[in-house]
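User: Please take a close look at one part of this structure and explain it slowly, with each term defined as you go. I would like one connected account that I can follow residue by residue.

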Amino acid sequence: MSVKTADIVDSVRAMTWTGKSLRLLDQRYLPAEEKYVDLHTAVGVAEAVRNMVVRGAPAIGVTAAYGVVLAAKKAYQQDRYRWRELVETDLVILAAARPTAVNLAWALARMRDRFRFVEEDPVPVLLNEAAAIHREDIDANHRMGELGAAIIADCLNVLTHCNTGSLATGGYGTALGVIRTAFARGTLVSVFVNETRPWLQGSRLTAWECRQEQIPVTVIADSAAGALMQQGKVDAVVVGADRIAANGDVANKIGTYSLAVAARHHGLKFIVVAPCSTIDRETSCGGDIPIEDRGGGEITEFAGQNIAPAGLAAWNPVFDITPASLVDVLVTEKGVIDQPDSCKIEALFSQ
Ligand code: MRU
């Protein structure tokens, strides 16, 4: 069936600009409640990113871009001659919100480039730029949906991890976007999703999005992924990325590396789907990517209850590195790379 990805309508948006504020769907309450927060300051935006109101690398980038609009608005109101200097304080706060997703730094750099030569009120120009970043992210996802769906055209069932859908992006999704397109085309039958400890982005968010899109979805405990592959229940693994180093190493949600190892063992394709804004050509390899540690409490407590002896030591890196050698295919909006490496990634950017 030839379905155009751009015709598949999103039933959810992680962020919207209201005209005065940035409205975020508070993902911490999903799937139980659809609550929204309106943010009027860049500091509020940084806090929302840090506290996981919004998450997912591309969504963090788009959110930060709107955060710069709010920062510039405040700075220009404070001093219309020194606003460029004043805005930097908020940019530093935004940049520090989360360390691994490079889309944050990428979006801030693009916004900073845009206001460098603006002399008048910067808000209209910056709002245009933030909206462009938002729109381009959705367009990139549509393109990756088309490219990725062709790669999994012979897969009936796939496994994914974390949440890479509309909630994690400007709209449509990266890995989940590929899954959506493949399902709409009638090639994909169902998706398995890891619950994704400790934040449960898989069972709370991906399962919720799949339900909205009527994609049959089955949740598994993260530790069931190997058995799922062993029993032949999935034909490929499709995931997103928070940052891809120049050599193709991939930082993504903790557990991704184990999936890549298991996929290679079982002869399953391991596919990474990410826009070029997630590729960090300044970082040579995965070992140089900063990995966020959110503290042991996320593991030893659940919904305010202790689920481990009080004071137990816990290690909670929330991302891991999958070496490029375990990635079979990298799907970007600029094209698809088999067995990514530094040369192929460089060539992608010089097209
Ligand atoms: O901690 P999170 O929920 O922000 O982690 C999100 C992920 O790891 C996603 O896989 C990644 O950001 C890609 S989202 C399109």
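Analyst: **From a hairpin to the ligand**

A hairpin with two residues in the link connects strand β15 to strand β16, where strands are DSSP runs of E with at least two residues, helices are runs of H or I with at least four, and both are numbered from the N terminus. The model is predicted, so local features are given at a pLDDT of at least 70 and side-chain atom pairs at 80 or more, while totals for chains, interfaces and linings take in all residues. Residue numbers start from 1 in each chain as its sequence is written, and side-chain values use heavy atoms, without hydrogens or water.

β15 covers residues 329-332, and its pairing with β16 is antiparallel over four bridges; two strands are called paired if DSSP finds at least two bridges between them. Within this pairing, Thr332 faces Gly335 of β16. β16 itself, residues 335-338, has two unlike faces, with Gly335 and Ile337 on the covered one and Val336 and Asp338 on the uncovered one.

The part to study most closely is another set of strands, which leads to the ligand. Four strands form an open sheet of mixed pairing, in the order β11-β8-β9-β14. Because β11 (279-280) and β14 (319-322) are the edge strands and have a single partner each, one side of each is left without a neighbour in the sheet. In the middle, β8 (residues 243-245) runs antiparallel to β9 (residues 250-253), and two bridges hold this pairing. In those bridges, Arg243 is matched with Ala251 of β9, while Ile244 is matched with Val250. β8 and β9 form a hairpin with four residues between the strands, and there Gly248 has a positive phi near 95°.

On its other pairing, β9 is antiparallel to β14, this time over four bridges, and Lys253 of β9 stands opposite Phe319 of β14. Lys253 also brings us to the ligand, since an N or O atom of the Lys253 side chain is 2.7 Å from a ligand oxygen atom. Two backbone approaches can be set beside that one: a polar backbone atom of Gly56 is 2.9 Å from an oxygen atom of the ligand, and for a backbone N or O atom of Ala57 the distance to a ligand oxygen is 2.8 Å. Taken alone, the ligand exposes 420 Å², and the protein buries 100% of that, with areas calculated by the Shrake-Rupley method and a 1.4 Å probe.

How many residues surround the ligand? There are 18, and the closest are Arg55, Arg98, Asp242, Asn252 and Lys253; a residue counts as near if one of its heavy atoms lies within 4 Å. At least two residues of this shell come from helix α2 (57-78), and at least two come from β9, the strand that pairs with both β8 and β14.

A little further along the chain comes helix α9, residues 256-265, in which Thr256, Leu259, Ala260, Ala262 and Ala263 are buried; buried means under 20% relative accessible area, exposed means over 50%, and partly exposed lies in between (1.4 Å probe, protein chains only). After α9 comes Gly267, with a positive phi near 70°.

Positive phi values also turn up in residues that are not glycine. Gln214 has a phi near 55°, and this residue lies in the loop between α7 and β6 (217-220), where it is exposed at 63% relative accessible area. Ala303 is a second case, with a positive phi of about 50°; Ala303 is found in the loop between β12 (301-302) and β13 (305-306), and its relative accessibility of 73% makes it exposed.

Two loops, finally, contain a cis peptide bond. One joins Leu30 to Pro31 with an omega of about 5°, and Pro31 is in the loop between β2 (22-25) and β3 (36-39). The other runs from Arg197 to Pro198 with omega near 0°, and Pro198 is in the loop that links β5 (190-194) and α7 (201-212).

Definitions and conventions: Polar contact = N/O pair within 3.5 Å; in protein donor to acceptor, adjacent residues only side chain to side chain.
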